[in-house]
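Here's a quick tour of one structure, written for someone who likes to check the numbers against the coordinates. Have a look at the model first, then read on.

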Amino acid sequence: MERENFNSRIGFILVSAGCAIGIGNVWKFPYITGQNGGGVFVLFYLIFLIFMGAPVLSMELAVGRASKKSAVLGYKTLEKSGSKWHIHGFFATAGCYLLMMYYTTVSGWMLNYFFKFALGTFSSSAVIENGTASVFSKMLSSPLQMLGFMAAMVLLGFAVCSGGLQKGLERITKVIMTGLLALIIVLAIHSMFLSGAKEGISFYLFPDFEKAKQIGLTHVITAAMNQAFFTLSLGVGAMEIFGSCMTKDKTLMGESLWICALDTFVALASGLVIFPACFSFGINADAGPSLIFITLPTVFMNMSMGRIWGAFFFLFMTFASFSTVIAVFENIITCSMDNFSWSRKKAVLVNCVFILIASVPCALGYNLLSGVHLFDTRDILDSEDFIVSNWLLPLGSLVYLLFCCTKWGWGFDKYLKEANTGNGFKIPPIFKHYFRFVIPVLILVIFVAGLL
């Protein structure tokens, strides 16, 4: 089956960036930036993003563009006869399925909250009296809400992908990403003009070497390295599929840097929305779900025109999460088409039904299945996320790296030739030993730290 290519370069960059940009950009990056010395953390984050994240991203794209195939067949096309690198392709594909088994639920939370703000739920006397935490608890405890909004995101996602790469994913992602970037800019500008915003911006981005020293420079560097690595969602073949749809016009490192730049812009801008607003109203910006679903709604409730700004924020969050959903769905669909020779229609239908069923345990994990715990005290969502984030992403990235940089795999020279084909930034051959020996050690550090 002939591989469909992107209609434009900007389409490829926006789709790939949309896959990388997700919920973690908003509820994790700003908080750990503020807690790890502000600008000090950002400096190390950018260094690791450029010298670790972008190279591994270029490798995943290179495997896709050179093979014109998805994970399993991509390895089979490029690996030496008799080798077994393609086994990782099955784990990568499984990782995409597992990711969507819980990410669709969290994405459904964003859509749910958009409607809650748009319809005035947070303006009701009950919420004003009981607080925003009561809304979040009520949503989690409602099987109907959890299943309904999860199913909505799954059905909308596969509906987009049913149109194909150009007419479905690329066309819709351009609209979503344009809306996402416009919303984050408007929200950031609004927050920066609130009373007390200056203190929030200073806490967030001003290089606080004293705080970094108190925390420990090693801790700051490790946190920056972790964030730079996980922000791109590498290691499960999600980016490889977009490489398989690329033309040879541009170098892969240049395109990787553009993707990293968009991802970083959204992450930084999210902090400019959150911290000025929280400081303005004297509310602590906690990390994780409580920041998005309890802290920020409280801020919006106390803000002039808060209902509108809250709706805008959760529309932005819906766009951010949905762009990841449809990008990973496209990977899942293409893998089915490649491996089983299915038509797109059949791949969409079968995978839609499977994801709907497989996502049910996570959607019910806070109500009917709240007693189910895996990996010590972790609930279903946290357990699935633990497997993807701490095992499949780092180990998968290490496999891609070894495949592209060692003589037992595809080989560094072949990778370099593919990566440097086209116009744009080219990787100097002198980086060979850095790619082969330094980056693998960094990834192993991330893997061990994640397990500990």
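Is threonine 251 buried or exposed? With a relative accessible area of 0%, threonine 251 is buried. Keep in mind throughout that this is a predicted model.

**A loop threonine and its surroundings**

Threonine 251 sits in the loop that links α14 (240–243) and α15 (252–280). Setting aside residues up to four places away in sequence, it touches Ala419, Asn420, Thr421, Gly422, Asn423, Gly424, Phe425 and Lys426. One of these partners also shows up at the polar level: a polar atom of the threonine 251 side chain lies 2.8 Å from the backbone oxygen of phenylalanine 425.

**On into α15**

Helix α15 also holds valine 273, which is buried at a relative accessible area of 3%. Apart from neighbours within four places in sequence, valine 273 is in contact with Ile184, Leu187, Ala188, Ser191 and Phe313. If you want a long-range distance to check, take valine 273 and isoleucine 128: they are 145 residues apart along the chain, and their C-alpha atoms are separated by 23 Å.

**The nonpolar core**

Phe313 turns up again in the largest nonpolar core, which counts 158 residues. The members touching the most other members there are Phe242, Ile292, Phe313, Phe314, Phe316 and Tyr415. Tyrosine 415 has its own set of contacts once neighbours within four places are left out: Pro55, Ser58, Met59, Ala62, Cys404, Trp410, Ile427 and Phe435.

**Helix α4 and what follows**

Helix α4 covers residues 39–67, 29 residues in total. From first C-alpha to last, α4 reaches 40 Å, close to the 42 Å expected at 1.5 Å a residue. It still has a kink of about 40 degrees, centred on leucine 49. Why call α4 largely enclosed by the rest of the structure? Because 23 of its 29 residues are buried.

Right after α4 comes lysine 68, with a positive phi. Lysine 68 lies in the loop between α4 and α5 (71–78). Serine 341 also has a positive phi, and like lysine 68 it is a residue other than glycine. Serine 341 is found in the loop between α17 (306–340) and α18 (344–358). For both residues, phi is near 60 degrees. As for solvent access, lysine 68 counts as partly exposed at 27% relative accessibility, while serine 341 is exposed, with a relative accessible area of 62%.

**Cysteines without bonds**

How many disulfides does a search of the whole structure find? The count is zero. Two cysteines illustrate this, and the table gives the sulfur-to-sulfur distance for each.

| Cysteine | Closest cysteine sulfur | Sulfur–sulfur distance |
|---|---|---|
| Cysteine 245 | in cysteine 335 | 11 Å |
| Cysteine 405 | in cysteine 404 | 6.1 Å |

A disulfide needs the two sulfur atoms within 2.5 Å. The sulfur of cysteine 245 is therefore too far from that of cysteine 335 for a bond, at 11 Å. Cysteine 405 is in a similar position, because its sulfur is 6.1 Å from the one in cysteine 404, again too far for a bond. Cysteine 245 is buried at a relative accessible area of 7%, and cysteine 405 is buried too, at 3%. Cys404, the partner closest to cysteine 405 by sulfur, is also among the contacts of tyrosine 415.

Notes. Residues are numbered from 1 along each chain as its sequence is written. This is a predicted model: local features need pLDDT of at least 70, side-chain atom pairs count only at pLDDT 80 or more; totals for chains, interfaces and linings use all residues. Side-chain values use heavy atoms; hydrogens and water are left out. Buried means under 20% relative accessible area, exposed over 50%, partly exposed in between (1.4 Å probe, protein chains only). A nonpolar core is a set of buried Ala, Val, Leu, Ile, Met, Phe, Trp, Tyr and Cys residues joined through side-chain atoms within 4.5 Å. Contact means heavy atoms within 4.5 Å. Helices (H or I, at least four residues) and strands (E, at least two) are DSSP runs, numbered from the N terminus. The expected span of a helix is 1.5 Å times one less than its number of residues. The bend at a residue is the angle between axes fitted to the seven residues ending there and the seven starting there. A polar contact is a pair of N or O atoms within 3.5 Å; within protein, one must be able to donate a hydrogen and the other to accept it, and residues adjacent in sequence count only if both atoms are side-chain atoms.
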